[in-house]
Amino acid sequence: MGRLIKIKKGLDINIESKTIESCIKDNSTLFAITPDDFPGYTWKAAVREGDKVLAGNCLFYAKENPEITLCAPVGGTVTEIKRGERRKIEYLSIEKGGDQTCIKADESLSILQKISKYGYLSLIRQRPFDIVPQTNSIPVNIFVTAFDSAPLAGDILDNPLKEYLESGLEALSQLTTGKVYLGIRPGSGISSKVALVYEFAGPHPAGNTGTQMAAISPVNKGETVWMLDALTACRIGKLIKTGNPDYTAKIIINGSEVDHAHVVDTYFGAKVSTVLKQSLSDDKKDIRIISGNVLTGIKVERDTGFIHYPYRQITVIEEGDKNDEFMGWASINPKRYSVSHAFPAFLRGLSKPFHFDARIKGGERAMIMSGEYDKVFPMDIYPEYLLKAIIAKNIEKMEQRGIYEVAPEDFALAEFVDSSKMELQKIVREGLDYLRKETL
């Protein structure tokens, strides 16, 4: 049992969902890797359309550091390198072939070289800047979370790879000058001889590595820390222990609009239409499919979309753009969700499931200094003041107000409760990119 830390500020959003029925095997034949999922570098394609690849072969390398790669999740043929404006690569797709033999890791490489070459460094995030880590900076600490507190998220370690957790933590401990911290749910029974274990109780975002870092040892200016989930640590452990890279994924399919909720066994970047085949009927309309959770996930198209990093969850909710609600914003419908007492929903309690749709229900307006962000923001930062500094592009005030500690996901709940309807995560992402460009 680790030391217990109680997170008091936050919010658990109880979304109407289905009961998970079973774990099914995905029959996808098309998979894709999206470079935009891995911020911090300019990614260059290492293959061409028509090339044959094995699982673990390099698909992209970082222009700034060719040792950092994105790898093929399956063996097959490169079918398309989709480019957008100014020839920017939007995704690279692979048609799965018959030979699914994964390449064997080069045992002569160091731990850092292995996780860079076989694509695992791209699954880690560095703070400051919330980017794929730079290999020339040694982290002062590494934070690993073993649970996800986001809406409809499942158990991160409900996976056969969990037997490699300790090996992964051991490998990570050799990459830092400080400590490896492991955040777990109270009573989960997870232990470690290598990492310092902390139990986190409380509402979302208790499972976020940023929240856990802020409660244990916040990052200071000039320092670097790494953040990852326990499943990535398990993959690293398997790579080091057996020499076999692993790109399998267990995707939870859930939400109010699915016909059947399942866990799907697949690989990174599977095609959305085939993953949803047994969970969502073809005639289902007016829905939004989200790769990830409803707070931080990415909207994907059913027919053409692929699963995005972190490859753990697909949420399906109602789009809501065809709804015609009586009295509109002035409705007193008790089923209408509200974190304040603006609607009667608080009388029934927010712990009961609510039917959500994707509507914003309002237009963007000036930021209101009401303290509403503070109620769901557990870090020792004044979020409104930091956001104002970012909008003004005032680097000195950004630094004073804690920008080195944060990532866009830390503002997801604040964006959800924001009565000003501002895109807070986008503002933070742009602020981090601007700060990095101006200071490095």
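This is a short talk on the fold of one chain and on a few of its residues.

Good morning. One caution before the details: what you see is a predicted model. Every value I quote is computed from it.

Let me start with the whole chain. The secondary structure comes to 10 helices and 19 strands. The radius of gyration is 21 Å, and the globule rule gives 22 Å for 440 residues, so the chain is as compact as a globular protein of that length. Along the principal axes, the C-alpha atoms fill a box of roughly 65 × 50 × 50 Å.

How much of the chain is buried? Of the 440 residues, 52% count as buried. The accessible surface comes to about 20,300 Å². Carbon and sulfur atoms account for 48% of that surface.

Now contacts. Take those between residues at least 6 apart in sequence. Of these, 68% join residues at least 24 apart.

And charges. The chain has 56 positive and 58 negative charges. Their mean positions are 1 Å apart.

On to single residues. First stop, Gln-212. Please find helix α3, residues 209-216; Gln-212 lies in it. Is Gln-212 buried or exposed? The relative accessibility is 1%, and the cut-off for buried is under 20%, so Gln-212 counts as buried. What does the side chain of Gln-212 have within reach? A polar atom of that side chain lies 3.1 Å from the backbone oxygen of Ala-206. Ala-206 also appears in the contact list of Gln-212. Leave out residues up to four places away in sequence, and that list reads Val-144, Thr-145, Phe-147, Gly-183, Phe-200, Ala-206 and Gly-207.

Keep Val-144 in view. It takes us to Leu-182, which touches Val-144 too. Leu-182 sits in strand β12, residues 179-184. At a relative accessible area of 1%, Leu-182 is buried. Which other residues does Leu-182 touch, again leaving out those up to four places away? Ala-146, Leu-169, Ile-190 and Ser-192 are among them. So are Ala-195, Leu-196, Val-197 and Tyr-198. For scale, look at Ala-153. It is 29 residues from Leu-182 along the chain, and the two C-alpha atoms are separated by 19 Å.

Next, backbone geometry. Most residues other than glycine have a negative phi, and most peptide bonds are trans. Here are some departures from that.

Which bond joins His-204 and Pro-205? A cis peptide bond, with omega about 20 degrees. Pro-205 lies in the loop between β13, residues 196-201, and α3. Recall that α3 is the helix of Gln-212.

There is also a cis bond from Arg-127 to Pro-128, with omega near 10 degrees. Pro-128 is in a loop as well, between β10 at 125-127 and β11 at 141-145.

Now phi. Two residues to show you. Arg-87 is not a glycine, yet its phi is positive, about 60 degrees. Find Arg-87 in the loop between β8, residues 76-83, and β9, residues 89-96. With 58% relative accessibility, Arg-87 counts as exposed.

Tyr-311 has a positive phi too, about 55 degrees, and is not a glycine. The place of Tyr-311 is the loop between β18, 298-300, and β19, 313-318. Buried or exposed, this one? Tyr-311 is buried, with a relative accessible area of 4%.

Follow the chain past β19. The loop between β19 and α6, residues 345-348, holds Tyr-337. Tyr-337 has a relative accessible area of 14%; buried means under 20%, so Tyr-337 is buried. How far is Tyr-337 from Phe-356? They are 19 residues apart along the chain, and their C-alpha atoms are separated by 8.0 Å.

Last stop, Glu-90. This residue is found in strand β9. Recall that β9 borders the loop of Arg-87. Glu-90 is partly exposed, at a relative accessible area of 37%. What does Glu-90 touch, beyond residues up to four places away in sequence? Thr-34, Pro-35, Lys-82, Arg-83 and Gly-84. Asp-229 is 139 residues from Glu-90 along the chain. The C-alpha atoms of that pair are separated by 25 Å.

To wrap up, three points to take away. The chain is as compact as a globular protein of its length. Gln-212 is buried in helix α3, with its side chain 3.1 Å from the backbone oxygen of Ala-206. And Pro-205, in the loop between β13 and α3, follows a cis peptide bond. Thank you.

Note on methods: Residues numbered from 1 in each chain as written. Predicted model: local features only at pLDDT ≥ 70, side-chain atom pairs only at ≥ 80, totals over all residues. Heavy atoms only, no water. Helix = DSSP H or I, 4+ residues; strand = E, 2+ residues; numbered from the N terminus. Buried < 20%, exposed > 50% of the residue type's maximum accessible area, 1.4 Å probe, protein only. Polar contact = N/O pair within 3.5 Å; in protein donor to acceptor, adjacent residues only side chain to side chain. Contact = heavy atoms within 4.5 Å. Rg over C-alpha atoms; globule rule 2.2 N^0.38 Å. Areas by Shrake-Rupley, 256 points an atom, 1.4 Å probe, with all protein chains shown as cover. Lys, Arg positive; Asp, Glu negative; His and termini not counted. Charge placed at Lys NZ, Arg CZ, Asp CG, Glu CD.
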